[in-house]
Every structure is written in structure tokens, then in C-alpha cells.
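Colleague: Got a minute to walk me through this one?
Modeller: Sure, let's pull it up.

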Amino acid sequence: MTASPETASGAPLAALTSYTDRFARLAVANITREYPNFPAHLLAGPEELVAPRSYHPAFYGAYDWHSSVHMHWLAMRLLRRYGPAAAEAGAITRALDTHLTTEAMAAEAAYLEEHPSFERPYGWAWLLMLAAESAAHEDRRWFTALEPAARTVATLILDWLPKARYPVRHGVHSNSAFALGLVLDSAERAGVPHLVEPVRAKLRAWFGADQGGALSWEPSGQDFLSPLLTEADAMRRVATPAEFNRWTAALLPELTSAAHAGRPLLLEPPEVTDPADGQIGHLHGLCFSRAAALYALADALDDFRSAILRDTAAAHLEAGMSALGSGDFTTDHWLATFAVLALEAAGTDSTA
């Protein structure tokens, strides 16, 4: 399923609509698939060696907990925004009704309370994104079920932030900037608006003085996030336009140089040599997360640098689209979520 350059850059939301049914089937298949499973549960004794859904009655599928959470988000967002066919809409609704019950989410919240570093911060952020998406639905039964877990995550974040002296800058799940950016996008609708100011303050403390970054150092071999672009995208959410203009020029001097030099792209899409390798295959996701960040930065800067940012984003979006629906569970259990983030950013329609 390969997108043309015109599809990727000219009509991204139309392209997303054309993928709605496929993504819906993929999301439902993933969130209801218990195995293979990577539980990330520290065993304190043999009695804890139990089936994944014993601990996670809602989020037992899609290989790991965080992927299950954000594939639930994907299913719910498709249902609300893009009108899947009746059969797919019915399958989504049945799966969400089965998983997002008051009892199941109480168990998930209890597990998070008992394991306060579990899925920190990536899974936490996606749970808030899911709660925020559920709050946007006219029927708020899923939000009612999710709300206690969202409050639990908010408490965990507020407990963690004062101890988090340094950010994690890796291009994988532990990345601090990506997670806190999602928290800012979702906190108010998720019913935890008191997170916004502490998160904004932490992002400024962590990244406000950064300068002299080099995108030429990226990527590392298993990134699905760009450390520098993700950081910039997070700071976009907390800085004034004038502040962000100055800060970006200091952080990414090569962006200014490349724009002045008329380079066609700021950076090339990564080469994925073995998509069936779970770590190397992360690079497909890097195409999408870079694209989403680049489109957002282009809109935020809105100056001579924007053209190279948009052209680079379009190249990455096209490269990522070639990996969708491969039939390989290694990528299919998570990648479509990041495709939607990138396509919505390309269409400047990511906040509704």
C-alpha cells in the first residue's frame, strides 16, 4: 500500500479516509489478539506467572501494553472522525465495549498504582490520549470507565516530575519530550487539567537552554522518534511564537543553513534494511513521527524555513506509507497509529 507524492503531500486527510476501513480492521485485530505478548511485568514469584489478561483485562492485546492503549485510541478516533464502514464501526464498538468497562479499567488503574514506573512515560501519555479521545465522543460511557485510570496517571506524573532531574533523549519509548507533548495535548479533555502547568514548566526547565543540535547525528539504529525534532515539537507547545523562533534557530542552526542554501530536504528518510526485525523496523515509525513533527514545526515557524520542513515531511510521509499493512505483526501491531498522527499533521487537522 504505497502512497504517491501527490497523495502524501496534497490530500493527506483524503488519503487517511481511504485507509479508514483497513486501519479499523487492523486496530480491532490487534487489541483482541493476546499472543504474541511482551508483558513487561517484573515477576516477584512463580505465582505471578499468569496470562497477560489477568493483569490487564482491557489492554492485553497488540503485543504490549502501550501498543494496546494507542491502538484503542486509533480505533476510537477512526470511529469518531473518519466514518468506517458499518461492519468495521460495529467491530470497533463491540471491542471497546468489551474492554473499556468500569471493572476492567479499575483493574488497570490498580495495576498502575501498584507498579508506579510501569510504562513511564510513554504508556501513561497514551492512556491520557485515549481518555481525551473518549471524552470527545457524544456517548461518554468509555470516558466514564477511563476517567479513574486517567486520574491515576496524573498522580503518577505529578509524583515523577520533581524527581526527573534530567530528560531522556533516546528516540524510543522512554523519550521524555514526546510523552509530555502528548500529555499537553490531552490533559484538559482527559479530565486532568492540573497537569498542564507542571508539564509546561518541566519542558522549559529541561529544554529551554538547548542549542547547537545536529540532525545529522540521527537516527540511531532503533529510533521511532527523532530526539531533536520531538524536543522541538514539545517546545512548540509551550513557547510563544517569538520565543520559539529564537529557540529553534539556536537548537537547529542547520535548518537555517539548509533553508538559505536551498537544499531540497533537511534530512533523508531512514533506510529500513529488515522491517521484520522489531528494532530496525522502528525506523518505519520514525518516518511518521518525523513527518508529524516537521509539519507542526513548519506551521509554527511559518517563515522561510517552512518550505524545507514541509518538503522533508512529505518525503518521510511517503516513505512511511510504503510500510503500512505489510501483514507482519512486528510492525502492524503499532505503526498505523503513527501514520494517523502524521496524516493529521499534514492536513493540519490534529486537534479536533
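Modeller: Here we go through a helix pair and then some unusual backbone spots.
Modeller: First, this is a predicted model, where local features need pLDDT of at least 70, side-chain atom pairs count only at pLDDT 80 or more, and totals for chains, interfaces and linings use all residues. Residues are numbered from 1 along each chain as its sequence is written, and side-chain values use heavy atoms, leaving out hydrogens and water.

Colleague: OK, at what angle do H7 and H9 pack?
Modeller: About 20°, with their axes 8 Å apart; H7 covers residues 122-135 and H9 covers 176-186. Helices here are DSSP runs of H or I with at least four residues, numbered from the N terminus. Axes are lines fitted to C-alpha atoms over the stretch in contact, and angles run from 0 to 180 degrees between N-to-C directions.

Colleague: So what do we call that arrangement of H7 and H9?
Modeller: H7 and H9 are therefore roughly parallel to each other, a label for angles under 35 degrees.

Colleague: Which residues in H7 meet H9?
Modeller: Tyr122, Ala125, Trp126, Leu128, Met129 and Ala132 in H7 meet residues of H9 including Phe178 and Leu182. Contact means heavy atoms within 4.5 Å.

Colleague: New topic: which residues does the cis peptide bond with omega of about -5° before proline 121 join?
Modeller: That cis bond joins arginine 120 and proline 121. Proline 121 sits in the loop between H6 (102-114) and H7. Another cis bond, also with omega of about -5°, links glutamate 218 to proline 219.

Colleague: And what's the phi of tyrosine 63?
Modeller: Positive, about 80°, although tyrosine 63 is not a glycine. Tyrosine 63 lies in the loop between H3 (52-55) and H4 (65-81).

Key:
Helix = DSSP H or I, 4+ residues; strand = E, 2+ residues; numbered from the N terminus. Parallel < 35°, antiparallel > 145°, perpendicular 65-115°, else oblique.
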